Amino acid sequence: MFGSDKHKSPRHGGHAVETLIGPRAVIRGDVSFTGGLYVEGTIHGKVTAEDGSAAVLTIAEDGHIEGEVRAPVVVISGRMTGDIHAGERIELAANARVNGNIHYKVVEMAAGAMITGRLIHADAPLAQLTGPEAAPAAGRVKGKAEAQEA
């Protein structure tokens, strides 16, 4: 899977993999990492890259994370349940399934990827991130104007 040259760092998708969570591994608790973290198993907890590190989190097709993720680069081919904070870039493969909000600077999304949540650009002002309460207020104003015209 990682190549036959034992003297070089293993690579997957162009990113060096330093830590591998195998397909039958289940971790319950928070994970902090640097470098490349490749998840084929399941993590129930917060996954955080150490501040200032050039970290890459990759979730394989059969991988699943349930909890918040904070990393500069996040690559998802599997399932993610929780909010994602990608400091630099997020890549969503065709099989990616995300249930949560994605905070990003750059997003790459293949056809077939599914997101149940919001895509929130890192530089978006808070005024643009209004909730559903803004829509009913506009409807009430419109209703009063229509009543006055009638």
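A residue counts as buried under 20% relative accessible area, as exposed over 50%, and as partly exposed in between. Keep that scale in mind as we walk through this predicted model. Arginine 89 makes a good first example: its relative accessibility is 24%, so it counts as partly exposed. Its partner is glutamate 91, and the two form a salt bridge whose closest N and O atoms are 2.8 Å apart.

Now step back to the whole protein. Its secondary structure consists of one helix and 18 strands. Of its 150 residues, 35% are buried. The protein exposes about 9100 Å², and carbon and sulfur atoms supply 51% of that area. Among contacts with a separation of 6 or more, 5% are between residues 24 or more positions apart.

Let's go inside next. In soluble globular proteins, nonpolar side chains tend to be buried together. Here, the largest nonpolar core has 26 residues, and those touching the most other members are Val47, Leu57, Ile65, Val74, Ile76, Ile84 and Ile90. Several strands each supply at least two residues of this core, including S8 (47–49), S9 (56–59), S11 (69–76) and S13 (84–92). To get a feel for the surroundings of one core member, look at isoleucine 65: beyond its neighbours within four places in sequence, its contacts include Val39, Val47, Leu57, Arg79 and Met80.

Glycine 36 is another helpful stop. This residue lies in strand S6, and with a relative accessible area of 4% it is buried. Leaving out residues up to four places away in sequence, glycine 36 touches Ala16, Val17, Glu18, Thr19 and Val56. From glycine 36 to leucine 57 is 21 residues in sequence, while their C-alpha atoms are 6.0 Å apart.

Back to charged pairs. Side chains of opposite charge can pair when their charged atoms come close. The whole structure has three salt bridges. In one of them, glutamate 68 pairs with lysine 46, with 3.4 Å between the closest N and O atoms. Glutamate 68 sits in the loop between S10 and S11, and lysine 46 in the loop between S7 and S8, so this pair ties together parts 22 residues apart in sequence. Glutamate 68 also meets arginine 70 in a salt bridge, at 3.3 Å from N to O. Lys46, Glu68 and Arg70 are thus linked in a network.

Finally, visit the surface, where Val107, Met109 and Leu119 make a nonpolar patch of about 230 Å². Leucine 119 belongs to strand S18 and is partly exposed, with a relative accessible area of 41%.

Terms used: Residues are numbered from 1 along each chain as its sequence is written. This is a predicted model: local features need pLDDT of at least 70, side-chain atom pairs count only at pLDDT 80 or more; totals for chains, interfaces and linings use all residues. Side-chain values use heavy atoms; hydrogens and water are left out. A nonpolar core is a set of buried Ala, Val, Leu, Ile, Met, Phe, Trp, Tyr and Cys residues joined through side-chain atoms within 4.5 Å. Buried means under 20% relative accessible area, exposed over 50%, partly exposed in between (1.4 Å probe, protein chains only). Contact means heavy atoms within 4.5 Å. Patches are made of residues with over 30% relative accessible area and no salt bridge: like charges are joined within 9 Å, nonpolar side chains (Val, Leu, Ile, Met, Phe, Trp, Tyr) within 5 Å. Accessible areas come from the Shrake-Rupley method with a 1.4 Å probe; for residues, only the protein chains shown count as cover. A salt bridge is a side-chain nitrogen of Lys or Arg within 4 Å of a carboxyl oxygen of Asp or Glu.
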